[in-house]
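Trainee: I have just opened this model and would like to learn how to read it. Please take me through it one feature at a time.

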Amino acid sequence: MNPKRAYLTIDDGPAANFREKMGVLDERDIWALWFCTGAAIERQMDDAVHAIRKGHALGNHSFDHPRFSEVSLSEARRQIEETVRSRKDVACAL
Ligand SMILES: [Zn+2]
């Protein structure tokens with residue numbers, strides 16, 4: 001038997017009701033990849049740490065969600081790198 005798999009990705013976490021949404025998924029043993037901005041991670045660090053502890057993953061969704069088609073390459077790079085730093089802060093808080 002070859003079980004079918006689906007991957008759930010969610011944009012722009014952690015939002016205000018992050019834990020409520022995560023709870024709905026956790027009750028059903030559903031894992032998600034939450035694409036988070038670095039700014040949201042820093043604003044809601046406890047929620048980001050909670051997500052990792054629950055077995056979810058955090059993706060890089062830029063630092064503060066600019067339109068990448070409208071920023072310079074160096075600004076795009078800064079957006080990604082700042083969010084990498086924010087995600088490392090989550091790892092350090094575990
Ligand atoms: Zn987005």
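Trainee: Going by the other C-beta atoms within 10 Å, is F68 buried or exposed?
Mentor: First, this is a predicted model, so local features need pLDDT (the predictor's confidence in each residue, from 0 to 100) of at least 70, side-chain atom pairs count only at pLDDT 80 or more, and totals for chains, interfaces and linings use all residues. Residues are numbered from 1 along each chain as its sequence is written. A residue is buried if 20 or more other C-beta atoms, placed from the backbone, lie within 10 Å of its own, exposed if 12 or fewer, and partly exposed in between. F68 has 12 other C-beta atoms within 10 Å, so F68 is exposed.

Trainee: What is the order of the elements from the N terminus on?
Mentor: Helices (H or I, at least four residues) and strands (E, at least two) are DSSP runs, numbered from the N terminus. The protein has 4 helices and 3 strands. Read from the N terminus, their order is β-α-β-α-α-β-α.

Trainee: Good, then where is F68 found?
Mentor: Start from Q79, which lies 11 residues from F68 along the chain, with 9.4 Å between their C-alpha atoms. F68 itself is found in the loop between strand 3 (57-60) and helix 4.

Trainee: Which strand has the lowest confidence?
Mentor: Overall, the mean pLDDT of the protein is 92, and 99% of its residues reach 70 or more. Confidence is highest in strand 2 (residues 32-36), with a mean of 95, and lowest, at a mean of 86, in residues 8-13, which are strand 1.

Trainee: L8 has its place in strand 1, so to speak at the start of our list; which residues is L8 in contact with, leaving aside its neighbours within four places in sequence?
Mentor: Two residues are in contact if their C-beta atoms, placed from the backbone, lie within 7 Å. L8 has 11 other C-beta atoms within 10 Å and is therefore exposed. Beyond its neighbours within four places in sequence, L8 is in contact with I30 and A32.

Trainee: Which element gives the most residues to the largest nonpolar core?
Mentor: A nonpolar core is a set of buried Ala, Val, Leu, Ile, Met, Phe, Trp, Tyr and Cys residues joined through C-beta atoms within 7 Å. The largest one has 11 residues, among them F18, W34, L58 and V90. Helix 1 (18-27), strand 2, helix 2 (38-43) and helix 3 (45-53) each supply at least two residues of this core. The most, 3 residues, come from strand 2.

Trainee: At what angle do the axes of helix 3 and helix 4 cross?
Mentor: Two packed helices are described by the angle between their axes and the distance between the axes. Axes are lines fitted to C-alpha atoms, for helices over the stretch in contact, and angles run from 0 to 180 degrees between N-to-C directions. Here the axes of helix 3 and helix 4 (residues 73-93) come within 9 Å, and they cross at roughly 70°.

Trainee: Why is helix 3 described as roughly perpendicular to helix 4?
Mentor: Angles under 35 degrees count as roughly parallel, over 145 as roughly antiparallel, 65 to 115 as roughly perpendicular and the rest as oblique. The contact is made by M45, A48, V49 and I52 of helix 3 and D89, V90 and A93 of helix 4. Helix 3 is roughly perpendicular to helix 4 because their axes cross at roughly 70°.

Trainee: R19 lies in helix 1; how far apart are the C-alpha atoms of R19 and D47?
Mentor: With 16 other C-beta atoms within 10 Å, R19 is partly exposed. Apart from its neighbours within four places in sequence, R19 is in contact with D47 and H50. R19 and D47 are 28 residues apart along the chain, and their C-alpha atoms are separated by 6.8 Å.

Trainee: Last one: what is the phi of S62?
Mentor: Most residues other than glycine have a negative phi. D29, which is not a glycine, has a positive phi of about 55°, and D29 counts as exposed with 7 C-beta neighbours inside 10 Å. S62 counts as buried, with 21 C-beta neighbours inside 10 Å. S62 is also a residue other than glycine with a positive phi, and its value is near 75°.
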